Amino acid sequence: MELIGSYGRPKHTLAALRDALKGAHWPKLQVTLVTTWQGERKALPYAIFIEGYKTPILTQPAFGGAFGDEGRAALAELVRWLSAQGVRHFYEAVLEPGRFAELTSANPEAVATLTAIRNPADPWIWRAA
């Protein structure tokens with residue numbers, strides 16, 4: 001798994017993710033928005049987990065309202081961009097912080113847990129900043 005971006009730096013992480021996905025076959029991608037808390041989506045931190053590319057990609061938590069207006073705008077821009085490229089499989093998952101830490105260390109069990117608990121999500125939820 002490739003870990004990209006920087007914690008709490010939405011613009012930097014968005015740019016790194018765009019670079020990492022150059023040459024992707026978009027319809028095959030599965031995008032999971034991962035957070036460590038349940039609650040109002042507009043206030044949560046999100047990391048992005050992408051499968052269906054050469055190697056799975058995970059961003060650091062850098063998107064969403066937990067990182068202010070810049071984080072909300074970057075998440076909305078990311079979802080709009082992925083949708084425009086042809087991504088059709090969006091999911092959402094809540095991992096407890098310890099399990100998320102295991103995911104960032106590429107623990108295969110944490111990846112399996114994420115895949116098992118994720119729920120289909122409509123990208124429209126995050127398109128508005």
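Helices here are DSSP runs of at least four residues, numbered from the N terminus. With that in hand, the salt bridges of this predicted model can be placed on its secondary structure. Helix α3, for instance, covers residues 97-104 and holds both E102 and R99, which sit 3 residues apart, about one turn of the helix. An α-helix has 3.6 residues a turn, so residues three or four places apart point the same way. The side chains of E102 and R99 do form a salt bridge, with 2.9 Å between the closest N and O atoms. Partly exposed is the label for anything between 20% and 50% relative accessible area, so E102, at 30%, counts as partly exposed. R99 also falls in that class, with a value of 22%.

In total, the model contains 6 salt bridges. Another of them pairs D19 with K22, where the closest N and O atoms are 3.5 Å apart. D19 has 49% relative accessibility and therefore counts as partly exposed, while K22, at 58%, counts as exposed.

A further salt bridge brings the side chains of R118 and E51 together, at 2.9 Å from N to O. This pair links distant parts of the chain: R118 belongs to the loop between α4 (108-117) and β6 (119-120), whereas E51 lies in strand β3, and 67 residues separate them. Both partners are buried. For E51 the relative accessibility is 19%, and because the cut-off for buried is under 20%, E51 counts as buried. The two side chains are also joined by a polar contact of 2.9 Å. Leaving aside residues up to four places away in sequence, E51 touches K28, L29, Q30, T115 and R118, so its salt-bridge partner appears among its contacts as well.

Strand β3, the home of E51, also has a part in the surroundings of helix α1. That helix spans residues 10-20, and its buried residues are P10, T13, L14, L17 and A20. Viewed down the axis of α1, these buried residues fall within an arc of 125 degrees, so they line one face of the helix. Which elements cover them? The cover includes three strands, β1 (2-4), β3 (47-51) and β4 (57-59), together with helix α2 (68-85).

Key:
Residues numbered from 1 in each chain as written. Predicted model: local features only at pLDDT ≥ 70, side-chain atom pairs only at ≥ 80, totals over all residues. Heavy atoms only, no water. Buried < 20%, exposed > 50% of the residue type's maximum accessible area, 1.4 Å probe, protein only. Helix = DSSP H or I, 4+ residues; strand = E, 2+ residues; numbered from the N terminus. Arc of directions from axis to C-beta. Contact = heavy atoms within 4.5 Å. Salt bridge = Lys/Arg side-chain N within 4 Å of Asp/Glu carboxyl O. Polar contact = N/O pair within 3.5 Å; in protein donor to acceptor, adjacent residues only side chain to side chain.
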